[in-house]
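Biologist: I have a structure open on my screen and I'm not sure how to read it. Could you walk me through it?

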Amino acid sequence: MEVERVQAIATLSRSVDTIPLEYIRSEKEQPAITTFQGSVLEVPAIDINESNETSLVESIKKASEEWGLFQVVNHGIPIEVISHLQRVGKEFFELPIEEKEEYAKPEGSKDVEGYGTKLQKEVEGKKGWVDHLFHRIWPPSAINYKFWPKNPTSYKEANEEYCKCLRGVAEKIFRCMSLGLGLEGPELMEAAGGDSLEYLLKINYYPPCPRPDLALGVVAHTDMSTLTILVPNEVPGLQVFRDGLWYDVKYIPNALIVHVGDQLEIMSNGKYKAVLHRTTVNKEKVRMSWPVFLEPPAEHVLGPHPKIVDDRNPAKYKTKKYGDYMYCKLNKLPQ
Ligand code: OGA
Ligand code: NI
């Protein structure tokens, strides 16, 4: 049987000197028109090695309330671990399309895992200038190695090593966010699924684009996750929406970028804000990023944390299964 080919943007990128119509955004979205030109936005950079926990909690809480996004410095993940993760991911995306297609998301699969280029149906059939690979990296029971590249050979080791380090950072951020809501340290993580919280890695590969002024990589969205922790490469492109404008986020070498996702906004009953963000692409350079979405299992029921809602602060969001939340969001149905 003929297998449907992944129409990789990377292939397209090498063969055109302008971009097909379906990649041209409307004027309301074109980066050249909608990006704030002036100062680069100084997203809070938080040192999570700060020994004074009270002040660390305060900074994380403030950033989550006011921005829904912050960068983490001094996170303790060795540079070699991060660069190894980046190197093997880049090597995978540089393989011939035939080899990458062995990891293609199976036709009709309801899960996101696999290699591909389109995630959500977009209005007017528009497309983002990006290819991706998704696979879970934690917990072991959620891992399907079928979607982990075997080439390069150290792909597995690099991802396992990064995941081990990342878990420590994620637990620390969760603890601070929990304390920031007036909960006990472990309570927020517990409500998000505790030990069954899933770490879903995505690699975004944004090939050079002949018209970066007209196209977008990932279109405006908030992440569905609780938290997303992202490693970028050195090519800037992340933008956040604030006070009606799109701003470039400053690249800080070796920092991790933390996004508050929909589930944290819900659990905090709107105190923490899921950040609206998108990505631009580059004319000459390949941009890559490695977000890890911290997601509850699909069957896990999640809503505003019972300890923070009462008569004076009634629940603003529904309590529902994460799987149902995802279904509505991906199909653009009301929650
Ligand atoms: C995403 C995303 C941002 C980036 O994949 O959800 O927002 O910097 N990526 O690539
Ligand atoms: Ni995102």
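Biologist: Let's start with the metal. Which residues coordinate the nickel ion (ligand 2)?

Modeller: Keep in mind that this is a predicted model. In it, the nickel ion (ligand 2) is held by H221 through NE2, D223 through OD and H277 through NE2, at 2.1 Å.

Biologist: What spacing do the donors follow along the chain?

Modeller: For the nickel ion (ligand 2), the pattern reads H-x1-D-x53-H. H221 sits in the loop between β5 (198-206) and β6 (227-232), while H277 is in strand β10 (residues 277-279), so this pair ties together parts that are 56 residues apart in sequence.

Biologist: And is H277 buried or exposed?

Modeller: To judge that, look at the relative accessible area: under 20% counts as buried. H277 has 5%, so it is buried. H221 has 21%, which makes it partly exposed.

Biologist: Okay, on to the sheet. How do I read one?

Modeller: Here's the general idea: strands of a sheet pair through backbone hydrogen bonds, either parallel or antiparallel. Then you write down the order of the strands across the sheet.

Biologist: What is the order of the eight strands here?

Modeller: Going across, you get β1-β2-β9-β6-β11-β5-β4-β3, an open sheet with mixed pairing. At the edges are β1 (45-47) and β3 (114-116), each of which pairs on one side only. From one strand to the next, the twist averages 25 degrees.

Biologist: Which helix packs on the sheet?

Modeller: That's helix α4 (residues 79-93), which touches β3, β4, β5, β6, β9 (256-260) and β11 (287-295). The direction of α4 makes about 110 degrees with that of β11.

Biologist: Can we zoom in on one strand? How many bridges join β4 to β5?

Modeller: Seven, and strand β4 (residues 131-138) runs antiparallel to β5. You can follow individual partners too: D131 stands opposite Y205 in β5, and H135 stands opposite L201 in β5. On to β3: three bridges join β3 to β4, again antiparallel. One partnership to look for there is Y115 with L133 in β4.

Biologist: How many residues of β4 are buried?

Modeller: Seven of the eight, so β4 counts as mostly covered under the 20% cut-off.

Biologist: Next, the nonpolar core. Which residues have the most contacts inside the largest one?

Modeller: Look for F70, Y162, I173, M177, Y199, L256 and L294; that core has 65 residues. Its largest share, eleven residues, comes from helix α6 (residues 155-180). Try clicking on M177: leaving out residues up to four places away in sequence, M177 touches I60, S64, F70, L188, L227, V260, L264 and Y272. There's also a second, separate core of twelve residues, including I9, Y23, V130 and A215.

Biologist: How do I read the sides of a helix?

Modeller: An α-helix has 3.6 residues a turn, so residues three or four places apart point the same way. Now try helix α9 (residues 322-330), where the buried residues are Y322, G323, Y325, C328 and K329. They pack against α8 (262-267), β11 and β13 (320-321).

Biologist: What follows α9?

Modeller: K332, and its phi is positive, near 55 degrees.

Biologist: Last one: which residues does UniProt list for "domain: Fe2OG dioxygenase"?

Modeller: The unreviewed UniProt entry gives residues 196-296. In this model, the end C-alpha atoms of that span lie 7 Å apart, and the span is 6% helix and 41% strand.

Methods:
Residues are numbered from 1 along each chain as its sequence is written. Chains are lettered from A and ligands numbered from 1 in the order in which they are written. This is a predicted model: local features need pLDDT of at least 70, side-chain atom pairs count only at pLDDT 80 or more; totals for chains, interfaces and linings use all residues. Side-chain values use heavy atoms; hydrogens and water are left out. Donors are N, O and S atoms within 2.8 Å of the metal (3.2 Å for Na, K and Ca); water is not among the atoms, so sites may look incomplete. Helices (H or I, at least four residues) and strands (E, at least two) are DSSP runs, numbered from the N terminus. Buried means under 20% relative accessible area, exposed over 50%, partly exposed in between (1.4 Å probe, protein chains only). Two strands pair if DSSP finds at least two bridges between them. Axes are lines fitted to C-alpha atoms, for helices over the stretch in contact, and angles run from 0 to 180 degrees between N-to-C directions. Contact means heavy atoms within 4.5 Å. A nonpolar core is a set of buried Ala, Val, Leu, Ile, Met, Phe, Trp, Tyr and Cys residues joined through side-chain atoms within 4.5 Å. UniProt positions are given in the numbering used here, feature names are shortened, and annotations may be inferred rather than shown by experiment.
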